[in-house]
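I sat down with this model today and kept a few notes as I went. Here is what I looked up, entry by entry.

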Amino acid sequence: MSWSELLPELLAVIARKLVEPGDYVRFRFVCSSWRSATNSLCIPPFVKIPWLILPSDPSSSFRNLYSYSEDRFYGFQLPDCAHGSNIIHGSTSGWLLVSRGDWNLYLINPFSPNSFTSENRLGSICASNVRYRSWDLSPSIIVTTSYKDYRDPKFKNITYYDGYFYVLWEKERHILICNDRLHMVALIYPPSEVRDKIFTADLAVSPDELFFLVRLQGCNLPYSHIFWMDRHEVATGKEWTEVTGIGYRAIFVDYLHCFLVEAGEATGLTKNCIYSVISKPSSDNPTMKSFYIQQFNFDDKSCQIVERKLSQYEIGDSTCTSEPSWFMPCLESKNTRRENDLVPRWGVTTFC
């Protein structure tokens, strides 16, 4: 008996044992019978750890991804409609927002070949020299903001959760909470302990909690304070509570996003830590740029470089048009969407 002749029932049992999105994709690529065996299968609850979109040569149609949990590189081919796209931005939903040189925007899911279609064009947003976008989506609308320098955003950490968009207004350090019609339903002020100080901040949203990460001006650490709020008590006007950490969780941070995930043995992540990506000139060639995972531990306020294969990835500094961006992988299957719904249709709204 050949591998392609295995019973569909047996293949389904094997597929349910897979714990990594990459393994599931490779399983479906073996042959048509293996792929067919998963068409009606409920996708297993994969360990939720973000993947990294790596900067790539914009003249190439090939894009590179990095899986932290597997410590492995992946690649995918951009669809014809998105050739020439120079910047790709991640999100919490698994979809990638692709910006072309003519500022046309496209949505792509690298784990779902059905998403590779010209019908994903979202229209053109004119913004000269824009390199960075913070964004997320609801079932009906995409919310995005754009700016030239990631160090000077107006709005960032846009996160859709449980019917609402949470947006960090960087200038005032306020948090805007809007419904999916972009009507503001609540406004959260910065913690009173830092309200009159100069600082930068990031916002992490979870099912039950909000975390407000603060770095005071002049601090040499990635963050100096962390504040907590019960997400269900936002409407009561309750104040932030300063805490010493995030418990048995980890946060993945880039220039626009925060992803709060479970830590521990199942994920291989260290609890109460923040993971980010830093870049340095290559030791062999200063015109090349290398990337490293940095881990900041709230327990002892220490920073260290995590030994990973990511440091082997290099790109020419002159061709690097974006920064690494985390995204949460998401697989599609016929049981979660009808075949003709695999490519969603959304309206687009831009924060200015």
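**Entry 1: backbone oddities.** I started in the loop between strand 11 (164-169) and strand 12 (174-179), where R173 is found. This is a predicted model, so I keep in mind that I am reading a prediction. Phi of R173 is near 60°, a positive value in a residue that is not glycine. Is R173 buried or exposed? With a relative accessibility of 19%, R173 counts as buried, because the cut-off for buried is under 20%.

I then turned to N272, which also has a positive phi, about 60°, although it is not a glycine. N272 sits in the loop between strand 19 (258-262) and strand 20 (273-281). Its relative accessibility is 5%, and N272 counts as buried.

**Entry 2: cysteines.** How many disulfides does a search of the whole structure find? I noted zero. I wanted to know why C273 has no partner, and the distance tells me: its sulfur is 9.6 Å from the closest cysteine sulfur, that of C303, which is too far for a bond. A pair would have to lie within 2.5 Å to count. C303 is in no disulfide either, and for C303 the nearest cysteine sulfur is that of C219, 9.6 Å away. I also checked the surroundings of the two: C273 is buried at 0% relative accessible area, while C303 is partly exposed at 39%.

**Entry 3: the whole protein.** I stepped back for an overview. I recorded three helices and 25 strands. The protein has 352 residues, and buried ones make up 53% of them. Taking contacts with a separation of 6 or more, I found that 50% join residues 24 or more positions apart. The accessible surface comes to about 16500 Å², and carbon and sulfur atoms hold 50% of that area.

**Entry 4: cavities.** How many cavities of 30 Å³ or more are there? The count comes to two. I looked closer at the largest cavity, which has a volume of about 60 Å³. Ten residues line the largest cavity, and the closest to its centre are L54, P55, S56, I88 and S322. Which element gives the most to this lining? My note says strand 4 (residues 85-89), with three residues. By class, I wrote down five nonpolar, three polar and two charged residues for the lining.

**Entry 5: L210.** I picked L210 in strand 15 (residues 209-216) as my next stop. L210 counts as buried, at 0% relative accessibility. What does L210 touch, leaving aside residues up to four places away in sequence? The list I wrote down is Y166, I188, L203, A204, V205, F227, W228, M229, R231, V234 and W240. I followed up on one of these partners, Y166: it is 44 residues from L210 along the chain, and their C-alpha atoms are separated by 9.7 Å.

**Entry 6: Y292.** Next I visited strand 21 (residues 288-297), where Y292 lies. Y292 is partly exposed, with a relative accessible area of 22%. Not counting residues up to four places away in sequence, Y292 touches S276, V277, I278, K280, I305, L310 and S311. I checked the C-alpha distance to S311, and the two are 5.2 Å apart in space and 19 residues apart in sequence.

**Entry 7: A235 and I14.** Two last look-ups before I closed the notebook. A235 has its place in the loop between strand 16 (225-230) and strand 17 (241-243). Is A235 buried or exposed? A235 is exposed, at 80% relative accessible area. I paired A235 with A186, 49 residues apart along the chain, and their C-alpha atoms are separated by 6.8 Å.

For a helix, I chose I14, which lies in helix 1 (residues 8-16). I14 counts as partly exposed, at 32% relative accessibility. From C-alpha to C-alpha, I14 and F27 are 9.3 Å apart, with their positions 13 residues apart in sequence counted as the separation.

Conventions:
Residues numbered from 1 in each chain as written. Predicted model: local features only at pLDDT ≥ 70, side-chain atom pairs only at ≥ 80, totals over all residues. Heavy atoms only, no water. Buried < 20%, exposed > 50% of the residue type's maximum accessible area, 1.4 Å probe, protein only. 1 Å grid on protein atoms, 1.4 Å probe; cavity = no way out; pocket = protein on both sides within 12 Å on 5 of 7 lines; lining within 4 Å. Points joined across faces, edges and corners; volume = space filled by probe spheres on them. Helix = DSSP H or I, 4+ residues; strand = E, 2+ residues; numbered from the N terminus. Nonpolar A, V, L, I, M, F, W, Y, C, P; charged D, E, K, R; others polar. Contact = heavy atoms within 4.5 Å. Areas by Shrake-Rupley, 256 points an atom, 1.4 Å probe, with all protein chains shown as cover.
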